[in-house]
Amino acid sequence: IILLFDVAKLERALDGIRQGAYFYLPRSVMPSDAALVVHKAIRNIAHESAAHSYEHSAFEDLAGASPAMKRVIEVISKVAPTDSTVLLLGESGTGKELLATTIHRLSPRRDMPFIAINCAALPDQLLESEMFGHMKGSFTGADADKRGLFEEADGGTIFLDEIGDMALVTQAKLLRVLQNGEIRAVGSAKPKHVDVRVIAATNRDLERAVENLGFREDLYFRLNVIQVRIPPLRERQEEIAPLVEFFLSKYAKVYRRPAVRPSPTLLHALRQYS
């Protein structure tokens, strides 16, 4: 709503703003000025619509039919708009990367990069190079300077999956990023500042790893600002049927097959698995 007002009744226009109008203009406004305000209003509506679309599709993907998942969704809906570091705990296959993606999509950083790194998939030296970059000649095979993924994610979100498998020496360098927002490429003495939100995930017991000296205590406390435990499917069996129907419908469309519904026998069988 954009109000037109008589100059002698400015207070009524201000009252309209208090009640939710977008802007107000004098009746004598130039058409070009009115057009500018209208264009800004349209952009504002588009932005709000996009944000609502992100939120709707994100929560649809999570399929939170169970009380346990509703609690998870409640937490991430509160933490997503902030820059807080989030630690996701859960067994393999519980959807930690989906949840990390959802947090990013619901955050003000949604239009910036989201980059995922599997810390267990790379050797220690290669992981450090992937994360922070390297300088030419810093090690065998470093034929050119390389930007790291933290630099690529500047302004956005980085997801460190399986962080419990990260080597202690790399943990120390990650700690510097969380403390100072600084990265240092392999072979470089010059730090660079980055603005990156960190979401970490693991299926390991990090508290026990700290006790056994396999994980830095100071890094654990830096990561464990907001902790979210994702329950395994066996603890939310009411979601099995909706998930089965979702995947049957999805792949029926992909493979152009007739839609089928799961039988009670099938669903009963699936519930027997741990």
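## Helix H10 and its buried face

The buried residues of H10 are Ile240, Ala241, Val244 and Ala252. Seen around the helix axis, these residues cover an arc of only 95 degrees, which puts them on the same side of H10. This arrangement can be read against a general property of such helices: an α-helix has 3.6 residues a turn, so residues three or four places apart point the same way. The partner of the buried residues of H10 is helix H11 (264-271), against which they pack. All of this is read from a predicted model.

The length of H10 can be checked as well. The helix runs over residues 240-254, and at 1.5 Å a residue its 15 residues should span 21 Å; the C-alpha atoms at its ends are 21 Å apart, which agrees. Beyond the helix comes Arg256, whose phi is positive, near 55 degrees.

## Ile240 in its surroundings

Ile240 lies in helix H10 and has a relative accessibility of 8%; because buried means under 20%, Ile240 counts as buried. When residues up to four places away in sequence are set aside, Ile240 touches Leu233, Leu270 and Arg271.

A further relation links Ile240 to Ser274, which is 34 residues away along the chain: the C-alpha atoms of these two residues are separated by 12 Å.

## The parallel pair E1 and E2

Strand E1, formed by residues 2-5, pairs with strand E2, formed by residues 23-26, in the parallel sense and over four bridges. Within this pairing, Leu3 stands opposite Tyr24 in E2. Between the two strands the chain passes through helix H1 (residues 10-18), and the resulting β-α-β crossover from E1 to E2 is right-handed.

## The chain as a whole

The protein chain has 11 helices and 11 strands. Its radius of gyration is 25 Å, whereas the globule rule gives 19 Å for 274 residues; the value for the protein chain is well over that figure, so the chain is more spread out than a compact globule. Along its principal axes, the C-alpha trace of the protein chain spans about 75 × 65 × 40 Å.

Burial and contacts complete the description at this level. Of the 274 residues of the protein chain, 37% count as buried. Among the contacts in the protein chain with a separation of 6 or more, 65% are accounted for by residues 24 or more positions apart.

Definitions and conventions: Residues are numbered from 1 along each chain as its sequence is written. This is a predicted model: local features need pLDDT of at least 70, side-chain atom pairs count only at pLDDT 80 or more; totals for chains, interfaces and linings use all residues. Side-chain values use heavy atoms; hydrogens and water are left out. Two strands pair if DSSP finds at least two bridges between them. A crossover is right-handed if, with the strands pointing away from the viewer, the path from the first strand over the helix to the second runs clockwise. The expected span of a helix is 1.5 Å times one less than its number of residues. Buried means under 20% relative accessible area, exposed over 50%, partly exposed in between (1.4 Å probe, protein chains only). The arc is that of the directions from the helix axis to the C-beta atoms. Contact means heavy atoms within 4.5 Å. The radius of gyration is taken over C-alpha atoms; the globule rule is 2.2 Å times the number of residues to the power 0.38.
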